Amino acid sequence: MSHRLRVNPIACTGHGMCAELLPERIALDDWGYPIIDDPEVPDELLDHARRAAAACPTLALLLERAERS
Amino acid sequence: MTGSRARLLAGIRSDRPLSFDEHLAVHGPLAALEGPAIIEAAGRAGILGRGGAGFPMERKLRAVAERGGRKVVVANGVEAEPMSAKDRVLLASAPHLVLDGVAAAAMAVGAREAIVCVPATAPAVRTAIEDAVRERRDWGRLRVRVAPVPPRYVAGEETALIHHLDGGPLKPTFTPPRPYERGVGRRPTLVQNVETLAHLALVARHGPRWFRQTGRQTSPGTMLVTLGGAVHTPGVIEVPGGTTLADALMLGGGPSEEIDSVVVGGYFGAWLPAPSSLGLALDERELGHHGAAVGAGVIVAMPASSCGVAELARVVSWLAGQSARQCGPCANGLPAIAGALNRIAVGRAERGSRAQLLRWAGMVRNRGACRHPDGVVRLLTSALRTLDEDLRDHELNGPCDACARPPLLATPTPEALAA
(Lines give C-alpha, C1' and ligand atoms only; values in the text may rest on other atoms or scores of the structure.)
Protein backbone atom coordinates (compact mmCIF):
# COMPACT_ATOMS: atom_id res chain seq x y z
CA MET A 1 0.00 0.00 0.00
CA SER A 2 1.61 3.25 -1.10
CA HIS A 3 0.91 6.66 0.32
CA ARG A 4 0.73 10.14 -1.16
CA LEU A 5 1.03 13.58 0.35
CA ARG A 6 -1.41 16.34 -0.43
CA VAL A 7 -1.88 19.84 0.98
CA ASN A 8 -5.24 21.43 1.60
CA PRO A 9 -4.14 24.91 0.47
CA ILE A 10 -7.15 26.60 2.08
CA ALA A 11 -6.39 25.15 5.50
CA CYS A 12 -2.62 25.70 5.22
CA THR A 13 -1.39 28.88 6.88
CA GLY A 14 2.29 28.36 6.25
CA HIS A 15 3.61 27.33 9.67
CA GLY A 16 6.28 25.32 7.87
CA MET A 17 6.47 22.46 10.39
CA CYS A 18 6.06 19.92 7.59
CA ALA A 19 9.19 21.09 5.77
CA GLU A 20 11.19 20.72 8.98
CA LEU A 21 9.90 17.24 9.68
CA LEU A 22 9.94 15.93 6.12
CA PRO A 23 12.59 17.82 4.15
CA GLU A 24 12.96 14.80 1.87
CA ARG A 25 9.59 15.62 0.32
CA ILE A 26 8.59 19.13 1.37
CA ALA A 27 10.23 22.47 0.59
CA LEU A 28 8.88 25.94 1.26
CA ASP A 29 8.10 28.61 -1.32
CA ASP A 30 9.08 32.29 -1.04
CA TRP A 31 6.17 32.90 1.34
CA GLY A 32 6.64 29.87 3.58
CA TYR A 33 4.04 27.57 2.04
CA PRO A 34 4.85 23.92 1.30
CA ILE A 35 5.90 22.74 -2.15
CA ILE A 36 5.64 19.03 -2.77
CA ASP A 37 7.32 18.09 -6.02
CA ASP A 38 7.03 14.36 -5.50
CA PRO A 39 3.97 13.35 -3.45
CA GLU A 40 4.84 9.64 -3.35
CA VAL A 41 5.93 8.48 0.10
CA PRO A 42 8.17 5.42 0.10
CA ASP A 43 7.86 3.04 3.06
CA GLU A 44 11.08 4.21 4.67
CA LEU A 45 9.69 7.76 4.92
CA LEU A 46 6.23 6.76 6.07
CA ASP A 47 6.84 7.33 9.79
CA HIS A 48 8.31 10.76 9.14
CA ALA A 49 5.38 11.61 6.88
CA ARG A 50 2.90 10.53 9.55
CA ARG A 51 4.66 12.71 12.11
CA ALA A 52 4.66 15.70 9.73
CA ALA A 53 0.94 15.31 9.02
CA ALA A 54 0.15 15.01 12.71
CA ALA A 55 2.30 18.02 13.58
CA CYS A 56 0.56 20.41 11.19
CA PRO A 57 -1.24 22.96 13.40
CA THR A 58 -4.08 23.33 10.88
CA LEU A 59 -4.21 19.68 9.79
CA ALA A 60 -3.59 20.83 6.23
CA LEU A 61 -1.07 18.13 5.34
CA LEU A 62 -2.88 15.03 4.18
CA LEU A 63 -1.29 11.60 3.97
CA GLU A 64 -3.56 9.61 1.71
CA ARG A 65 -3.49 6.00 0.68
CA ALA A 66 -2.92 5.82 -3.03
CA GLU A 67 -5.62 3.84 -4.81
CA ARG A 68 -4.47 0.53 -6.15
CA SER A 69 -4.76 0.46 -9.92
CA MET B 1 -23.74 39.90 -37.20
CA THR B 2 -24.93 36.46 -36.37
CA GLY B 3 -25.22 35.40 -40.01
CA SER B 4 -27.14 32.51 -41.46
CA ARG B 5 -25.23 29.97 -39.38
CA ALA B 6 -26.75 31.24 -36.17
CA ARG B 7 -28.20 28.51 -34.01
CA LEU B 8 -28.32 29.81 -30.47
CA LEU B 9 -28.83 33.36 -31.69
CA ALA B 10 -31.28 32.40 -34.46
CA GLY B 11 -34.21 34.79 -34.75
CA ILE B 12 -33.21 36.96 -31.80
CA ARG B 13 -34.19 40.63 -31.54
CA SER B 14 -32.02 43.42 -30.27
CA ASP B 15 -34.74 45.21 -28.28
CA ARG B 16 -36.20 42.42 -26.14
CA PRO B 17 -36.02 38.69 -25.40
CA LEU B 18 -37.89 36.22 -27.56
CA SER B 19 -41.23 35.29 -26.02
CA PHE B 20 -42.03 31.62 -25.50
CA ASP B 21 -44.21 31.57 -28.63
CA GLU B 22 -41.52 33.26 -30.69
CA HIS B 23 -38.97 30.81 -29.31
CA LEU B 24 -41.19 27.88 -30.33
CA ALA B 25 -41.64 29.38 -33.78
CA VAL B 26 -37.85 29.49 -34.24
CA HIS B 27 -36.82 26.20 -32.63
CA GLY B 28 -39.96 24.06 -32.30
CA PRO B 29 -40.91 22.31 -29.07
CA LEU B 30 -38.53 20.36 -26.86
CA ALA B 31 -39.60 16.73 -26.92
CA ALA B 32 -39.62 14.76 -23.69
CA LEU B 33 -36.66 12.38 -23.79
CA GLU B 34 -35.35 9.76 -21.44
CA GLY B 35 -32.32 10.77 -19.38
CA PRO B 36 -29.90 8.20 -20.86
CA ALA B 37 -30.88 9.24 -24.41
CA ILE B 38 -30.02 12.87 -23.66
CA ILE B 39 -26.65 11.94 -22.17
CA GLU B 40 -25.84 9.75 -25.14
CA ALA B 41 -26.83 12.52 -27.55
CA ALA B 42 -24.61 15.02 -25.70
CA GLY B 43 -21.73 12.55 -25.95
CA ARG B 44 -22.16 11.78 -29.63
CA ALA B 45 -22.58 15.45 -30.40
CA GLY B 46 -19.38 16.16 -28.49
CA ILE B 47 -20.69 19.21 -26.64
CA LEU B 48 -17.85 20.92 -24.77
CA GLY B 49 -18.38 23.20 -21.77
CA ARG B 50 -18.44 26.88 -22.77
CA GLY B 51 -17.76 28.34 -19.35
CA GLY B 52 -14.02 28.25 -19.88
CA ALA B 53 -12.68 24.78 -19.19
CA GLY B 54 -14.03 23.10 -22.33
CA PHE B 55 -14.85 19.95 -20.38
CA PRO B 56 -16.99 17.32 -22.19
CA MET B 57 -20.61 17.80 -21.12
CA GLU B 58 -21.42 14.09 -21.35
CA ARG B 59 -18.99 13.24 -18.56
CA LYS B 60 -20.45 15.81 -16.20
CA LEU B 61 -24.01 14.70 -16.98
CA ARG B 62 -23.08 11.06 -16.43
CA ALA B 63 -21.27 11.70 -13.15
CA VAL B 64 -24.37 13.36 -11.67
CA ALA B 65 -26.84 10.92 -13.25
CA GLU B 66 -25.02 7.99 -11.63
CA ARG B 67 -25.45 9.42 -8.13
CA GLY B 68 -28.45 8.57 -6.01
CA GLY B 69 -30.84 10.85 -4.16
CA ARG B 70 -32.13 14.29 -5.01
CA LYS B 71 -30.03 16.28 -7.44
CA VAL B 72 -29.63 19.87 -8.51
CA VAL B 73 -28.83 21.59 -11.80
CA VAL B 74 -27.02 24.93 -11.62
CA ALA B 75 -26.91 27.02 -14.80
CA ASN B 76 -23.99 29.42 -14.52
CA GLY B 77 -24.69 32.66 -16.34
CA VAL B 78 -22.76 34.91 -13.96
CA GLU B 79 -20.16 35.64 -16.63
CA ALA B 80 -17.48 37.11 -14.39
CA GLU B 81 -15.01 37.43 -17.27
CA PRO B 82 -14.82 41.22 -17.79
CA MET B 83 -14.33 41.09 -21.58
CA SER B 84 -17.08 38.52 -22.17
CA ALA B 85 -20.70 39.40 -22.92
CA LYS B 86 -21.96 36.24 -24.61
CA ASP B 87 -23.81 34.74 -21.66
CA ARG B 88 -25.63 37.99 -20.92
CA VAL B 89 -26.57 38.37 -24.59
CA LEU B 90 -27.81 34.79 -24.69
CA LEU B 91 -29.84 35.12 -21.48
CA ALA B 92 -31.28 38.49 -22.46
CA SER B 93 -32.25 37.47 -26.00
CA ALA B 94 -33.00 33.74 -25.93
CA PRO B 95 -33.86 32.93 -22.30
CA HIS B 96 -36.19 30.10 -23.31
CA LEU B 97 -33.41 28.27 -25.10
CA VAL B 98 -31.34 28.33 -21.91
CA LEU B 99 -34.37 27.14 -19.94
CA ASP B 100 -34.90 24.29 -22.43
CA GLY B 101 -31.29 23.33 -21.78
CA VAL B 102 -31.90 23.45 -18.04
CA ALA B 103 -34.95 21.22 -18.49
CA ALA B 104 -33.03 18.78 -20.71
CA ALA B 105 -30.11 18.62 -18.26
CA ALA B 106 -32.52 18.05 -15.38
CA MET B 107 -34.14 15.19 -17.32
CA ALA B 108 -30.70 13.80 -18.10
CA VAL B 109 -29.46 13.66 -14.52
CA GLY B 110 -32.82 13.20 -12.78
CA ALA B 111 -32.91 16.55 -10.99
CA ARG B 112 -36.05 18.22 -9.71
CA GLU B 113 -34.44 21.47 -8.71
CA ALA B 114 -32.63 23.97 -10.91
CA ILE B 115 -30.99 27.31 -10.18
CA VAL B 116 -30.17 29.79 -12.93
CA CYS B 117 -27.37 32.10 -11.77
CA VAL B 118 -27.25 35.55 -13.35
CA PRO B 119 -24.99 38.54 -12.73
CA ALA B 120 -26.38 40.61 -9.86
CA THR B 121 -25.14 43.67 -11.78
CA ALA B 122 -27.36 43.10 -14.84
CA PRO B 123 -31.02 43.67 -13.89
CA ALA B 124 -32.23 43.36 -17.51
CA VAL B 125 -30.74 39.89 -17.75
CA ARG B 126 -32.33 38.87 -14.49
CA THR B 127 -35.71 40.20 -15.59
CA ALA B 128 -35.50 38.39 -18.94
CA ILE B 129 -34.87 35.02 -17.36
CA GLU B 130 -37.32 35.52 -14.47
CA ASP B 131 -40.07 36.51 -16.92
CA ALA B 132 -39.27 33.49 -19.06
CA VAL B 133 -39.47 31.15 -16.06
CA ARG B 134 -42.89 32.58 -15.21
CA GLU B 135 -44.11 32.57 -18.80
CA ARG B 136 -43.74 28.80 -18.98
CA ARG B 137 -46.41 27.59 -16.63
CA ASP B 138 -45.72 23.92 -17.06
CA TRP B 139 -42.42 22.95 -15.48
CA GLY B 140 -43.64 19.45 -14.63
CA ARG B 141 -41.91 18.37 -11.47
CA LEU B 142 -38.94 20.68 -11.93
CA ARG B 143 -38.59 23.68 -9.61
CA VAL B 144 -36.63 26.52 -11.22
CA ARG B 145 -35.37 29.63 -9.50
CA VAL B 146 -33.16 32.51 -10.51
CA ALA B 147 -30.24 33.56 -8.28
CA PRO B 148 -28.43 36.88 -8.77
CA VAL B 149 -24.72 36.43 -7.99
CA PRO B 150 -22.06 39.18 -7.75
CA PRO B 151 -19.86 38.69 -10.83
CA ARG B 152 -16.58 38.48 -8.98
CA TYR B 153 -13.96 36.52 -10.88
CA VAL B 154 -14.13 33.38 -8.73
CA ALA B 155 -17.84 33.01 -9.56
CA GLY B 156 -16.55 30.99 -12.50
CA GLU B 157 -15.36 28.35 -10.04
CA GLU B 158 -18.05 25.73 -9.50
CA THR B 159 -17.29 25.20 -5.83
CA ALA B 160 -17.35 28.95 -5.13
CA LEU B 161 -20.75 29.28 -6.77
CA ILE B 162 -22.14 26.35 -4.78
CA HIS B 163 -20.67 27.75 -1.56
CA HIS B 164 -22.44 31.05 -2.29
CA LEU B 165 -25.78 29.41 -3.18
CA ASP B 166 -25.64 27.58 0.14
CA GLY B 167 -25.36 30.89 1.98
CA GLY B 168 -21.58 30.91 2.36
CA PRO B 169 -19.03 33.31 0.90
CA LEU B 170 -18.38 33.31 -2.86
CA LYS B 171 -15.12 31.39 -2.39
CA PRO B 172 -13.88 28.04 -3.66
CA THR B 173 -13.81 25.02 -1.37
CA PHE B 174 -11.29 22.19 -1.11
CA THR B 175 -12.05 19.20 -3.33
CA PRO B 176 -13.06 16.44 -3.01
CA PRO B 177 -15.95 16.42 -2.50
CA ARG B 178 -16.58 17.65 -6.02
CA PRO B 179 -19.94 19.16 -6.97
CA TYR B 180 -21.20 15.93 -8.55
CA GLU B 181 -20.60 14.23 -5.21
CA ARG B 182 -21.79 16.95 -2.87
CA GLY B 183 -22.99 20.30 -4.16
CA VAL B 184 -25.90 22.60 -3.40
CA GLY B 185 -27.53 21.53 -0.12
CA ARG B 186 -25.02 18.64 -0.06
CA ARG B 187 -26.81 17.10 -3.03
CA PRO B 188 -25.14 15.88 -6.24
CA THR B 189 -25.01 18.96 -8.45
CA LEU B 190 -24.48 19.57 -12.13
CA VAL B 191 -22.94 22.98 -12.84
CA GLN B 192 -22.97 24.03 -16.49
CA ASN B 193 -22.49 27.29 -18.27
CA VAL B 194 -25.69 28.69 -19.81
CA GLU B 195 -24.34 28.52 -23.37
CA THR B 196 -23.49 24.84 -22.92
CA LEU B 197 -27.07 24.22 -21.79
CA ALA B 198 -28.47 26.09 -24.79
CA HIS B 199 -26.46 23.80 -27.08
CA LEU B 200 -27.92 20.80 -25.25
CA ALA B 201 -31.42 22.18 -25.88
CA LEU B 202 -30.75 22.08 -29.61
CA VAL B 203 -29.06 18.67 -29.55
CA ALA B 204 -32.10 17.30 -27.68
CA ARG B 205 -34.25 18.60 -30.57
CA HIS B 206 -32.17 17.89 -33.63
CA GLY B 207 -29.71 15.20 -32.56
CA PRO B 208 -25.91 14.84 -32.59
CA ARG B 209 -25.56 14.47 -36.36
CA TRP B 210 -27.20 17.82 -36.91
CA PHE B 211 -24.96 19.35 -34.24
CA ARG B 212 -21.84 18.13 -36.04
CA GLN B 213 -22.92 19.48 -39.41
CA THR B 214 -20.93 22.59 -38.58
CA GLY B 215 -17.67 23.12 -36.74
CA ARG B 216 -14.79 20.66 -36.85
CA GLN B 217 -14.14 17.22 -35.43
CA THR B 218 -12.50 18.47 -32.23
CA SER B 219 -14.82 21.47 -31.79
CA PRO B 220 -18.16 20.52 -33.26
CA GLY B 221 -21.15 22.83 -33.50
CA THR B 222 -21.12 26.57 -33.06
CA MET B 223 -19.79 28.79 -30.30
CA LEU B 224 -20.52 32.27 -29.05
CA VAL B 225 -17.61 34.68 -29.22
CA THR B 226 -17.23 38.14 -27.74
CA LEU B 227 -15.14 40.48 -29.90
CA GLY B 228 -13.52 43.45 -28.22
CA GLY B 229 -10.75 45.97 -28.58
CA ALA B 230 -9.80 47.38 -31.96
CA VAL B 231 -12.54 45.90 -34.15
CA HIS B 232 -15.08 47.90 -36.11
CA THR B 233 -18.10 46.19 -34.53
CA PRO B 234 -17.34 44.80 -31.07
CA GLY B 235 -19.95 42.45 -29.64
CA VAL B 236 -21.17 38.89 -29.57
CA ILE B 237 -21.14 36.65 -32.64
CA GLU B 238 -21.86 32.99 -33.23
CA VAL B 239 -19.30 31.08 -35.27
CA PRO B 240 -18.63 27.44 -36.19
CA GLY B 241 -16.12 25.72 -33.90
CA GLY B 242 -12.69 25.88 -35.47
CA THR B 243 -13.19 29.32 -37.00
CA THR B 244 -9.85 31.12 -37.21
CA LEU B 245 -9.21 34.19 -35.10
CA ALA B 246 -8.83 36.19 -38.33
CA ASP B 247 -12.22 35.08 -39.65
CA ALA B 248 -13.86 35.82 -36.31
CA LEU B 249 -12.38 39.32 -36.33
CA MET B 250 -13.65 39.82 -39.88
CA LEU B 251 -17.18 39.05 -38.69
CA GLY B 252 -16.72 42.06 -36.44
CA GLY B 253 -15.84 44.19 -39.44
CA GLY B 254 -12.12 43.51 -39.08
CA PRO B 255 -9.52 45.48 -37.13
CA SER B 256 -10.29 49.18 -36.83
CA GLU B 257 -6.56 49.99 -36.76
CA GLU B 258 -3.27 48.12 -36.92
CA ILE B 259 -3.16 45.41 -34.25
CA ASP B 260 -0.08 43.71 -32.83
CA SER B 261 -1.55 41.13 -30.46
CA VAL B 262 -4.77 39.44 -29.36
CA VAL B 263 -6.00 38.35 -25.95
CA VAL B 264 -7.79 35.04 -26.51
CA GLY B 265 -10.08 33.15 -24.13
CA GLY B 266 -10.34 35.77 -21.42
CA TYR B 267 -8.13 36.86 -18.54
CA PHE B 268 -7.31 33.21 -17.82
CA GLY B 269 -6.49 32.80 -21.51
CA ALA B 270 -3.46 33.81 -23.51
CA TRP B 271 -1.84 36.86 -25.05
CA LEU B 272 -0.85 35.96 -28.59
CA PRO B 273 1.08 37.92 -31.23
CA ALA B 274 -0.75 39.32 -34.25
CA PRO B 275 -0.90 38.88 -37.13
CA SER B 276 1.19 35.69 -36.77
CA SER B 277 -1.39 33.95 -34.53
CA LEU B 278 -4.51 35.00 -36.39
CA GLY B 279 -4.52 31.83 -38.47
CA LEU B 280 -5.10 29.78 -35.31
CA ALA B 281 -8.54 28.22 -34.94
CA LEU B 282 -10.96 28.48 -32.03
CA ASP B 283 -10.30 24.89 -31.10
CA GLU B 284 -9.04 23.61 -27.75
CA ARG B 285 -6.51 21.27 -29.30
CA GLU B 286 -5.07 23.79 -31.73
CA LEU B 287 -4.92 26.67 -29.26
CA GLY B 288 -3.60 24.33 -26.59
CA HIS B 289 -0.50 23.69 -28.69
CA HIS B 290 0.20 27.42 -28.40
CA GLY B 291 -0.36 27.70 -24.67
CA ALA B 292 -3.80 29.21 -25.27
CA ALA B 293 -7.41 28.05 -24.92
CA VAL B 294 -10.86 28.80 -26.28
CA GLY B 295 -11.80 29.68 -22.71
CA ALA B 296 -14.93 31.81 -22.58
CA GLY B 297 -14.72 32.65 -26.29
CA VAL B 298 -13.21 36.09 -25.85
CA ILE B 299 -11.09 37.74 -28.56
CA VAL B 300 -9.69 41.18 -27.83
CA ALA B 301 -7.77 42.84 -30.67
CA MET B 302 -4.96 44.89 -29.14
CA PRO B 303 -3.96 47.87 -31.28
CA ALA B 304 -0.30 48.65 -31.93
CA SER B 305 -1.04 52.12 -30.57
CA SER B 306 -1.86 50.75 -27.11
CA CYS B 307 0.69 49.71 -24.50
CA GLY B 308 0.55 45.98 -23.82
CA VAL B 309 2.81 46.31 -20.81
CA ALA B 310 0.54 48.82 -19.07
CA GLU B 311 -2.54 46.77 -20.00
CA LEU B 312 -0.94 43.56 -18.72
CA ALA B 313 0.19 45.13 -15.44
CA ARG B 314 -3.30 46.52 -14.88
CA VAL B 315 -5.09 43.23 -15.64
CA VAL B 316 -2.73 41.10 -13.54
CA SER B 317 -3.07 43.55 -10.64
CA TRP B 318 -6.84 43.26 -10.96
CA LEU B 319 -6.65 39.44 -11.07
CA ALA B 320 -4.47 39.50 -7.95
CA GLY B 321 -7.24 41.50 -6.28
CA GLN B 322 -9.81 38.92 -7.41
CA SER B 323 -8.07 36.14 -5.49
CA ALA B 324 -10.26 34.71 -2.76
CA ARG B 325 -7.11 34.97 -0.60
CA GLN B 326 -7.64 31.55 0.86
CA CYS B 327 -4.49 29.85 -0.41
CA GLY B 328 -1.03 31.15 0.47
CA PRO B 329 0.66 30.80 -2.94
CA CYS B 330 -2.18 32.69 -4.69
CA ALA B 331 -2.71 35.32 -1.96
CA ASN B 332 1.02 36.09 -1.83
CA GLY B 333 2.23 35.12 -5.28
CA LEU B 334 -0.22 37.08 -7.41
CA PRO B 335 0.45 40.41 -5.65
CA ALA B 336 4.19 39.73 -5.95
CA ILE B 337 3.81 39.08 -9.67
CA ALA B 338 1.60 42.16 -10.13
CA GLY B 339 4.10 44.29 -8.21
CA ALA B 340 7.00 43.19 -10.40
CA LEU B 341 4.98 43.88 -13.56
CA ASN B 342 4.06 47.34 -12.33
CA ARG B 343 7.70 48.11 -11.57
CA ILE B 344 8.69 46.99 -15.06
CA ALA B 345 5.97 49.20 -16.55
CA VAL B 346 7.33 52.30 -14.85
CA GLY B 347 10.99 51.46 -15.48
CA ARG B 348 11.85 50.63 -11.86
CA ALA B 349 12.37 46.91 -12.22
CA GLU B 350 15.11 45.10 -10.34
CA ARG B 351 17.64 43.17 -12.41
CA GLY B 352 16.37 39.80 -13.54
CA SER B 353 12.76 40.68 -12.85
CA ARG B 354 11.46 38.74 -15.84
CA ALA B 355 13.27 35.61 -14.66
CA GLN B 356 11.77 36.24 -11.23
CA LEU B 357 8.29 36.48 -12.79
CA LEU B 358 8.75 33.09 -14.42
CA ARG B 359 9.99 31.61 -11.16
CA TRP B 360 6.95 32.92 -9.30
CA ALA B 361 4.68 31.71 -12.11
CA GLY B 362 6.01 28.20 -11.54
CA MET B 363 5.57 28.67 -7.82
CA VAL B 364 1.85 29.50 -7.89
CA ARG B 365 0.76 27.15 -10.68
CA ASN B 366 -1.30 24.17 -9.48
CA ARG B 367 -1.03 25.24 -5.88
CA GLY B 368 -4.47 26.68 -5.25
CA ALA B 369 -7.73 25.04 -4.28
CA CYS B 370 -9.09 26.42 -7.55
CA ARG B 371 -7.71 27.26 -11.00
CA HIS B 372 -7.46 31.01 -10.47
CA PRO B 373 -3.66 31.15 -10.06
CA ASP B 374 -3.23 28.77 -13.02
CA GLY B 375 -5.27 31.08 -15.22
CA VAL B 376 -3.19 34.10 -14.24
CA VAL B 377 -0.02 32.13 -14.98
CA ARG B 378 -1.24 31.21 -18.45
CA LEU B 379 -1.95 34.84 -19.30
CA LEU B 380 1.33 35.96 -17.75
CA THR B 381 3.63 33.45 -19.41
CA SER B 382 2.05 33.97 -22.83
CA ALA B 383 2.30 37.75 -22.40
CA LEU B 384 5.97 37.52 -21.35
CA ARG B 385 6.64 35.90 -24.73
CA THR B 386 4.39 38.09 -26.85
CA LEU B 387 5.31 41.39 -25.21
CA ASP B 388 8.99 40.56 -24.69
CA GLU B 389 10.30 43.52 -26.67
CA ASP B 390 7.91 46.00 -25.04
CA LEU B 391 8.80 44.71 -21.57
CA ARG B 392 12.51 45.19 -22.26
CA ASP B 393 11.84 48.67 -23.56
CA HIS B 394 9.93 49.64 -20.40
CA GLU B 395 12.58 48.12 -18.15
CA LEU B 396 15.21 50.30 -19.81
CA ASN B 397 13.32 53.46 -20.66
CA GLY B 398 10.31 53.62 -18.36
CA PRO B 399 6.75 54.42 -19.45
CA CYS B 400 6.02 54.91 -23.15
CA ASP B 401 3.67 57.45 -24.69
CA ALA B 402 0.90 54.85 -25.00
CA CYS B 403 1.00 53.95 -21.28
CA ALA B 404 -1.35 56.83 -20.52
CA ARG B 405 -3.99 55.73 -23.05
CA PRO B 406 -7.36 54.81 -21.56
CA PRO B 407 -7.41 51.06 -20.79
CA LEU B 408 -8.87 48.67 -23.36
CA LEU B 409 -8.98 45.69 -21.01
CA ALA B 410 -11.68 46.27 -18.42
CA THR B 411 -10.86 45.98 -14.71
CA PRO B 412 -14.18 46.55 -12.91
CA THR B 413 -13.99 48.19 -9.49
CA PRO B 414 -15.17 46.27 -6.42
CA GLU B 415 -18.16 48.61 -6.25
CA ALA B 416 -19.10 47.74 -9.84
CA LEU B 417 -19.00 44.05 -8.99
CA ALA B 418 -21.01 44.33 -5.82
CA ALA B 419 -24.18 46.06 -7.07
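## Exercises on a two-chain predicted model

Val262(B) sits opposite Leu272(B) in β10(B). That pair is a handy way into the sheet of chain B, and the exercises start there. Keep in mind that this is a predicted model.

### Exercise 1: From one residue pair to a sheet

Work out which strands make up the open sheet of chain B, and which of them stand at the edges.

*Solution.*

Step 1. Start from β9 (residues 259-264) of chain B. Four bridges tie it to β10(B), and the two run antiparallel. Val262(B) and Leu272(B) face each other across this pairing of strands, Leu272(B) being in β10(B).

Step 2. Now place that pair in the whole sheet. The order is β8-β7-β11-β9-β10 (chain B), an open sheet of five strands with mixed pairing.

Step 3. Look at the ends of that order. β8 (235-240) and β10 (270-273) of chain B each have a single partner strand, so each has one side without a neighbour in the sheet. As for twist, neighbouring strands are turned by 30° against each other on average, direction ignored.

Step 4. Add what packs on the sheet. Helix α14 (residues 372-386) of chain B lies across β9 and β10 of chain B, and runs at about 20° to β10(B).

### Exercise 2: A strand with two partners

Take strand β7 of chain B and find how it pairs with β8(B) and with β11(B). Is the strand enclosed or open to the outside?

*Solution.*

Step 1. On one side, six bridges link β7(B) to β8(B) in the antiparallel sense. These two strands form a hairpin, with five residues between them.

Step 2. β7(B) also pairs with β11(B), this time parallel and over four bridges.

Step 3. Use Thr226(B) to see both pairings. Its bridge partner in β8(B) is Val236(B), and in β11(B) Thr226(B) stands opposite Val298(B).

Step 4. Check burial. In β7 (residues 222-229) of chain B, eight of the eight residues are buried, so the strand is largely enclosed by the rest of the structure.

### Exercise 3: Buried or exposed?

Decide whether Ala292(B) and Arg209(B) are buried or exposed, and say where each one sits.

*Solution.*

Step 1. Ala292(B) lies in the loop between α10 (284-288) and β11 (298-303) of chain B.

Step 2. Count its neighbours. Ala292(B) has 25 C-beta neighbours inside 10 Å, so it counts as buried; the cut-off for that is 20 or more.

Step 3. See what it touches. Leaving out residues up to four places away in sequence, Ala292(B) has contacts including Val264(B), Gly265(B), Ala270(B), Leu272(B) and Ser382(B). Leu272(B) is the residue that faced Val262(B) in Exercise 1. Phe268(B) is 24 residues from Ala292(B) in sequence, and their C-alpha atoms are 9.2 Å apart.

Step 4. Turn to Arg209(B), which is in helix α8 (residues 194-211) of chain B. Arg209(B) has 11 other C-beta atoms within 10 Å, so it is exposed. The limit for that label is 12 or fewer.

### Exercise 4: Two crossing helices

Describe how α5 and α8 of chain B meet, and which residue classes are at the contact.

*Solution.*

Step 1. The axes of α5 (residues 95-109) of chain B and α8(B) come within 7 Å and cross at roughly 75°. The two helices are therefore roughly perpendicular to each other.

Step 2. Pick out the residues. On the α5(B) side they include Leu97(B), Val98(B) and Asp100(B), and on the α8(B) side Val194(B), Leu197(B) and Ala201(B) are among them. By class, the contact has eleven nonpolar residues, one polar and one charged.

### Exercise 5: Sizing up both chains

For each chain, give the helix and strand counts and check the radius of gyration against the globule rule.

*Solution.*

Step 1. Chain A has two helices and five strands, in the pattern β-α-β-β-β-α-β. Its radius of gyration is 11 Å, close to the 11 Å given by the globule rule for 69 residues, so chain A is as compact as a globular protein of that length.

Step 2. Chain B has 16 helices and eleven strands. Its 21 Å is close to the rule's 22 Å for 419 residues, so chain B is as compact as a globular protein of that length.

Step 3. Compare burial: 29% of the 69 residues in chain A are buried, and 57% of the 419 residues in chain B.

Step 4. Finish where the chains touch. The contact takes nine residues from chain A and ten from chain B. The chain A side has five nonpolar, two polar and two charged residues.

Conventions. Residues numbered from 1 in each chain as written. Chains lettered and ligands numbered in written order. Predicted model: local features only at pLDDT ≥ 70, side-chain atom pairs only at ≥ 80, totals over all residues. Contact = placed C-beta atoms within 7 Å. Nonpolar A, V, L, I, M, F, W, Y, C, P; charged D, E, K, R; others polar. Rg over C-alpha atoms; globule rule 2.2 N^0.38 Å. Pairing = 2+ DSSP bridges. Axes fitted to C-alpha atoms, helices over the stretch in contact; angles between N-to-C directions. Parallel < 35°, antiparallel > 145°, perpendicular 65-115°, else oblique.
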